[in-house]
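Student: I should like to go through the terms applied to this model and see how each one is justified.

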Amino acid sequence: MTIKNFAFSPPTLTVKAGTKVTWTNTDPDAHTVTSKQGSGGPLQSAALATNETYSYTFTQPGTYPYYCTIHPFMTATVEVTP
């Protein structure tokens, strides 16, 4: 996953359970990868500076919406299949 121009790309990513997903921030501004409030999701990155990465291995099937806490308009979803 790439974070570029204040967006997550692709906006929806589908992976199989057990897949490790890595986000790389290529923007000059800091961003986070954070599960949406109330979703119970596991994503909780620190603020990522330019070229920093955050990785998470999805072990359970489901839909994982997330956003950037610094720029809440930035949203995306990881869909995990069995």
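Tutor: Let us start with a cut-off: a residue is called exposed when its relative accessible area is over 50%, and buried when that area is under 20%. Please bear in mind that the model is predicted.

Student: Why is Asn51 called exposed?

Tutor: Asn51 has a relative accessibility of 56%. The term requires a value over 50%, so Asn51 counts as exposed. Asn51 lies in the loop between strand S5 (34-35) and strand S6 (53-58), and its phi is near 70°, a positive value in a residue other than glycine.

Student: How do you know that Asn5 is exposed?

Tutor: The reasoning uses the cut-off of over 50%: Asn5 stands at 59% relative accessibility and therefore counts as exposed. Asn5 belongs to the loop between strand S1 (2-4) and S2. Its phi, near 55°, is positive although Asn5 is not glycine.

Student: What makes Thr32 buried or exposed?

Tutor: The relative accessible area of Thr32 is 4%. Buried means under 20%, so Thr32 is buried. Thr32 is found in the loop between S4 and S5.

Student: Why is the pairing of the Thr32 and Thr34 side chains called a polar contact?

Tutor: A polar contact needs a pair of N or O atoms within 3.5 Å, one able to donate a hydrogen and the other to accept it. The side chains of Thr32 and Thr34 are joined at 3.0 Å, so the distance satisfies that limit. The side chain of Thr32 also reaches the backbone nitrogen of Thr69, at 2.8 Å.

Student: Which residues are among those that touch the most other members of the largest nonpolar core?

Tutor: That core has 18 residues, and Phe8, Trp23, Val33, Phe58, Tyr66 and Val78 touch the most other members. Two or more residues come from each of strand S4 (19-25), S6, strand S7 (62-67) and strand S8 (75-81). S8 gives the most, with 3 residues. In soluble globular proteins, nonpolar side chains tend to be buried together.

Student: What does Phe8 touch, leaving aside residues up to four places away in sequence?

Tutor: Its contacts include Trp23, Val33 and Tyr66, and Thr32 is also among them. Thr32, counted in the same way, touches Phe8, Ser45, Ala46, Ala47, Tyr67, Cys68, Thr69 and Ile70.

Student: How do you know that the peptide bond between Ser9 and Pro10 is cis?

Tutor: Omega is about 0° for the bond that joins Ser9 and Pro10, a cis peptide bond. Pro10 is found in the loop between strand S2 (7-9) and strand S3 (12-16).

Terms used:
Residues numbered from 1 in each chain as written. Predicted model: local features only at pLDDT ≥ 70, side-chain atom pairs only at ≥ 80, totals over all residues. Heavy atoms only, no water. Helix = DSSP H or I, 4+ residues; strand = E, 2+ residues; numbered from the N terminus. Buried < 20%, exposed > 50% of the residue type's maximum accessible area, 1.4 Å probe, protein only. Core = buried A, V, L, I, M, F, W, Y, C linked by side-chain atoms within 4.5 Å. Contact = heavy atoms within 4.5 Å.
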